[in-house]
Amino acid sequence: MERKKERSPSRKQTAYEAKCRRCGRCCNDKYIVGDKVYVGEGACKYFDPEAKLCTVYADRHEVNPDCLSVRDGIALGVFPADCPYVADLPDYVAPSGRVVDAATLRLIERGKIVTSDELDEHLRRQAEREPRKDKKRSRGRR
Ligand code: SF4
Ligand code: SF4
C-alpha cells in the first residue's frame, strides 16, 4: 500500500497516507485459507522491494484490480497487527505470523491442506523441523 508518485493529494489524504510506515508488508502475497489470512514469501509484482514502494501507486487499482483499498484490507484482515491503520482497532484480526512457502502453497493448491487448522498444524511442524535443519547446516560448515 505504498506510494511512489501521486496526483496532487488533498491535505486530508496526505495526512491519512502519512500514517503508513512504508514497511511494505501489506504488499506481500496473501492467501485466505479457511477463516484466516496467511502471508506468502513473495510480493506483488508492482512492489519495489529495495525502495519498499509501489511502482504504480497513483493508478494501482486500475493496474492491479487485486490491490485492496485500506478499507477492504482492514475488512479482510491483510494488515499486520502493528500497522498504524489497524493498531488501534480492538476487534481487528491480523494475518497469521507464519509464512506460507512455495512447497506449502503447492499442498494447498492440490487440496492436501484445506482448513486453517490443517495449515496451522503443517506450519507448526515445519517450524519445528527448521531449527534441526539449521543445526545440521552449521555442523556441516565446521
Ligand atoms: S499494486 Fe501491488 S505493490 Fe502497489 S500497493 Fe497494490 S499490492 Fe502494493
Ligand atoms: S502494512 Fe501498514 S505501514 Fe506497512 S506498508 Fe502497509 S499500510 Fe504501510
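**Figure 1. The surroundings of ligand 1 in the predicted model.** Ligand 1 is surrounded by 11 residues. The closest are Cys27, Cys44, Phe47, Cys54 and Cys67. Sorted by class, this shell holds 8 nonpolar residues, 1 polar residue and 2 charged residues.

**Figure 2. The nonpolar cores of the protein.** The largest nonpolar core consists of 7 residues, namely Cys26, Cys27, Phe47, Cys54, Val78, Phe79 and Cys83. A second core, separate from it, has 5 residues, among them Tyr38, Val39, Ile113 and Leu119. Three residues of the largest core, Cys27, Phe47 and Cys54, are also listed among the closest residues to ligand 1. In the protein as a whole, 13% of the 142 residues are buried.

**Figure 3. Contacts of Val78.** Leaving aside residues up to four places away in sequence, Val78 touches Cys26, Lys30, Val37, Leu68, Gly73 and Pro95. Of these partners, Cys26 belongs with Val78 to the largest nonpolar core. Among contacts in the protein with a separation of 6 or more, 52% link residues 24 or more positions apart.

**Figure 4. The open sheet of 3 strands.** The protein has 5 helices and 5 strands, which follow one another from the N terminus as α-β-β-β-β-α-α-β-α-α. Three of the strands form an open sheet in the order 1-2-5, and the pairing is mixed. Strand 1 (28-33) and strand 5 (99-100) are the edge strands, each pairing on one side only. Strands of a sheet pair through backbone hydrogen bonds, either parallel or antiparallel. Strand 2 (residues 36-43) and strand 5 run parallel and are joined by 2 bridges. In one of the pairs, Gly40 has Val100 of strand 5 as its bridge partner.

**Figure 5. Arg22, a residue with positive phi.** Most residues other than glycine have a negative phi. Arg22, which is not a glycine, has a positive phi near 60 degrees. Arg22 sits in the loop between helix 1 (11-18) and strand 1. Arg22 counts as exposed because it has 11 C-beta neighbours inside 10 Å, and the limit for an exposed residue is 12 or fewer.

**Figure 6. Lys52, in the loop between strand 3 and strand 4.** Phi of Lys52 is also positive, at about 55 degrees, although Lys52 is not a glycine. The loop that holds Lys52 lies between strand 3 (47-48) and strand 4 (53-54). With 15 other C-beta atoms within 10 Å, Lys52 is partly exposed.

Note on methods
Residues numbered from 1 in each chain as written. Chains lettered and ligands numbered in written order. Predicted model: local features only at pLDDT ≥ 70, side-chain atom pairs only at ≥ 80, totals over all residues. Near = placed C-beta within 6 Å. Nonpolar A, V, L, I, M, F, W, Y, C, P; charged D, E, K, R; others polar. Helix = DSSP H or I, 4+ residues; strand = E, 2+ residues; numbered from the N terminus. Buried ≥ 20, exposed ≤ 12 C-beta atoms within 10 Å, placed from the backbone. Contact = placed C-beta atoms within 7 Å. Pairing = 2+ DSSP bridges. Core = buried A, V, L, I, M, F, W, Y, C linked by C-beta atoms within 7 Å.
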